[in-house]
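Here are some worked exercises to try with a structure open beside you. Take each task slowly, have a go yourself, and then follow the steps of the solution.

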Amino acid sequence: MTPDQVNSIFPFVGCFFILMNIKKLYEDKSMKGMQWYSPLFFYCGQAWGAYFLFTLHQWWSFASGLMFLSCQLIWYFMMIYYNYFKKSI
(Lines give C-alpha, C1' and ligand atoms only; values in the text may rest on other atoms or scores of the structure.)
Protein backbone atom coordinates (compact mmCIF):
# COMPACT_ATOMS: atom_id res chain seq x y z
CA MET A 1 0.00 0.00 0.00
CA THR A 2 1.17 3.48 -0.78
CA PRO A 3 1.21 6.23 1.87
CA ASP A 4 -1.73 7.81 0.01
CA GLN A 5 -3.84 4.67 0.44
CA VAL A 6 -2.91 4.36 4.11
CA ASN A 7 -3.72 8.05 4.69
CA SER A 8 -7.11 7.62 3.01
CA ILE A 9 -8.17 5.02 5.59
CA PHE A 10 -8.50 7.61 8.38
CA PRO A 11 -11.11 9.91 6.76
CA PHE A 12 -12.91 6.87 5.34
CA VAL A 13 -13.28 5.32 8.81
CA GLY A 14 -14.12 8.79 10.18
CA CYS A 15 -17.17 8.82 7.87
CA PHE A 16 -18.65 5.93 9.84
CA PHE A 17 -18.21 7.81 13.11
CA ILE A 18 -19.85 10.91 11.66
CA LEU A 19 -22.68 8.76 10.28
CA MET A 20 -23.21 7.47 13.83
CA ASN A 21 -23.43 11.11 14.98
CA ILE A 22 -25.93 11.86 12.21
CA LYS A 23 -28.07 8.88 13.22
CA LYS A 24 -28.00 9.89 16.90
CA LEU A 25 -28.81 13.53 16.08
CA TYR A 26 -31.72 12.43 13.89
CA GLU A 27 -33.09 10.22 16.68
CA ASP A 28 -32.68 12.84 19.44
CA LYS A 29 -33.68 15.86 17.32
CA SER A 30 -31.56 17.90 19.73
CA MET A 31 -27.93 18.62 20.39
CA LYS A 32 -27.10 20.33 23.61
CA GLY A 33 -23.80 21.90 24.53
CA MET A 34 -22.46 22.26 21.00
CA GLN A 35 -21.59 25.57 19.39
CA TRP A 36 -21.68 26.08 15.63
CA TYR A 37 -18.22 27.62 15.25
CA SER A 38 -16.14 24.69 16.49
CA PRO A 39 -17.35 22.20 13.84
CA LEU A 40 -17.17 24.94 11.21
CA PHE A 41 -13.49 25.53 12.00
CA PHE A 42 -12.66 21.85 11.56
CA TYR A 43 -14.82 21.59 8.46
CA CYS A 44 -12.86 24.46 6.88
CA GLY A 45 -9.62 22.74 7.81
CA GLN A 46 -10.81 19.52 6.19
CA ALA A 47 -11.90 21.45 3.07
CA TRP A 48 -8.43 22.97 2.81
CA GLY A 49 -6.93 19.50 3.30
CA ALA A 50 -9.02 18.12 0.42
CA TYR A 51 -7.85 20.94 -1.85
CA PHE A 52 -4.26 20.40 -0.74
CA LEU A 53 -4.43 16.65 -1.43
CA PHE A 54 -5.94 17.40 -4.84
CA THR A 55 -2.97 19.61 -5.73
CA LEU A 56 -0.59 16.83 -4.61
CA HIS A 57 -2.46 14.29 -6.77
CA GLN A 58 -3.15 12.09 -3.75
CA TRP A 59 -6.31 10.65 -5.24
CA TRP A 60 -7.17 8.09 -2.56
CA SER A 61 -6.85 10.63 0.22
CA PHE A 62 -8.69 13.25 -1.83
CA ALA A 63 -11.63 10.90 -2.48
CA SER A 64 -11.92 9.81 1.15
CA GLY A 65 -11.56 13.45 2.21
CA LEU A 66 -14.51 14.40 0.00
CA MET A 67 -16.58 11.61 1.55
CA PHE A 68 -15.62 12.88 4.99
CA LEU A 69 -16.52 16.46 4.03
CA SER A 70 -19.91 15.35 2.72
CA CYS A 71 -20.74 13.53 5.95
CA GLN A 72 -19.52 16.49 8.01
CA LEU A 73 -21.63 18.89 5.97
CA ILE A 74 -24.78 16.83 6.54
CA TRP A 75 -24.08 16.64 10.27
CA TYR A 76 -23.26 20.34 10.45
CA PHE A 77 -26.51 21.44 8.79
CA MET A 78 -28.52 19.01 10.91
CA MET A 79 -26.90 20.46 14.03
CA ILE A 80 -27.80 24.00 12.97
CA TYR A 81 -31.33 22.96 12.03
CA TYR A 82 -32.09 21.18 15.31
CA ASN A 83 -30.34 23.76 17.50
CA TYR A 84 -31.63 26.96 15.95
CA PHE A 85 -34.67 26.30 13.77
CA LYS A 86 -36.48 23.36 15.31
CA LYS A 87 -36.41 23.68 19.06
CA SER A 88 -37.29 20.41 20.74
CA ILE A 89 -40.10 20.27 23.27
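## Exercise 1: Two salt bridges in a helix

Being four residues apart in helix H1, Lys 23 and Glu 27 are separated by about one helical turn. Keep in mind that you are looking at a predicted model.

**Task.** Find out how many salt bridges the structure holds, and describe each one.

**Solution.**

Step 1. Start with the general idea: side chains of opposite charge can pair when their charged atoms come close.

Step 2. Look at Lys 23 and Glu 27. Their side chains meet in a salt bridge, with 2.8 Å from N to O. To count, the nitrogen must be within 4 Å of a carboxyl oxygen.

Step 3. Check how open each partner is. Lys 23 counts as exposed, because its relative accessibility is 52% and the exposed class begins over 50%. Glu 27, at 45%, is partly exposed.

Step 4. Now turn to Asp 28 and Lys 24. This salt bridge has its closest N and O atoms 3.5 Å apart. Here too the partners sit four residues apart in helix H1, so about one helical turn separates Asp 28 from Lys 24.

Step 5. Check these partners as well. Asp 28 has a relative accessible area of 38% and is partly exposed; Lys 24 is partly exposed at 45%.

Step 6. Count them up: the structure holds two salt bridges.

## Exercise 2: How the helices are arranged

**Task.** Which elements make up the protein chain, and at what angles does helix H3 pack against H1 and cross H2?

**Solution.**

Step 1. List the elements. The protein chain has three helices and zero strands, and from the N terminus on the order is α-α-α.

Step 2. Compare H1 (residues 3–28) with H3 (residues 59–85). They pack at an angle of about 15°, and their axes are 8 Å apart. H1 is therefore roughly parallel to H3, since angles under 35 degrees fall in that class.

Step 3. See what lies in this contact. By class, the contact of H1 with H3 has 18 nonpolar, nine polar and one charged residues.

Step 4. Compare H2 (residues 37–55) with H3. Their axes come within 9 Å and cross at roughly 160°. H2 and H3 are therefore roughly antiparallel to each other, because the angle is over 145 degrees.

Step 5. Add the handedness. H1 passes H3 in a left-handed crossing, and H2 also passes H3 in a left-handed crossing.

Step 6. Take in the overall dimensions. Along its principal axes, the C-alpha trace of the protein chain spans about 50 × 20 × 15 Å.

## Exercise 3: Aromatic rings and burial

**Task.** Is Phe 62 buried or exposed, and how is its ring arranged with that of Phe 54?

**Solution.**

Step 1. Begin with the total. The count comes to nine aromatic pairs, with ring centres within 6.5 Å as the rule.

Step 2. Take one of them. Phe 54 and Phe 62 are 5.3 Å apart centre to centre, with 50° between the planes, and the pair is tilted.

Step 3. Look at accessibility. Phe 62 counts as buried at 18%, because the buried class lies under 20%. Phe 54, at 39%, is partly exposed.

Step 4. Look for rings joined together. Trp 48, Tyr 51 and Phe 52 are linked into a cluster by ring pairs.

Step 5. Finish with the whole chain. Of the 89 residues in the protein chain, 31% are buried.

Key: Residues are numbered from 1 along each chain as its sequence is written. This is a predicted model: local features need pLDDT of at least 70, side-chain atom pairs count only at pLDDT 80 or more; totals for chains, interfaces and linings use all residues. Side-chain values use heavy atoms; hydrogens and water are left out. Axes are lines fitted to C-alpha atoms, for helices over the stretch in contact, and angles run from 0 to 180 degrees between N-to-C directions. Helices (H or I, at least four residues) and strands (E, at least two) are DSSP runs, numbered from the N terminus. Angles under 35 degrees count as roughly parallel, over 145 as roughly antiparallel, 65 to 115 as roughly perpendicular and the rest as oblique. A crossing is left-handed if the near helix is turned anticlockwise from the far one by less than a right angle, and right-handed if clockwise. Ala, Val, Leu, Ile, Met, Phe, Trp, Tyr, Cys and Pro count as nonpolar, Asp, Glu, Lys and Arg as charged, and the others, Gly among them, as polar. Buried means under 20% relative accessible area, exposed over 50%, partly exposed in between (1.4 Å probe, protein chains only). Rings of Phe, Tyr and Trp (its six-membered ring) pair if their centres lie within 6.5 Å; planes under 30 degrees apart count as stacked, over 60 as edge-to-face and the rest as tilted.
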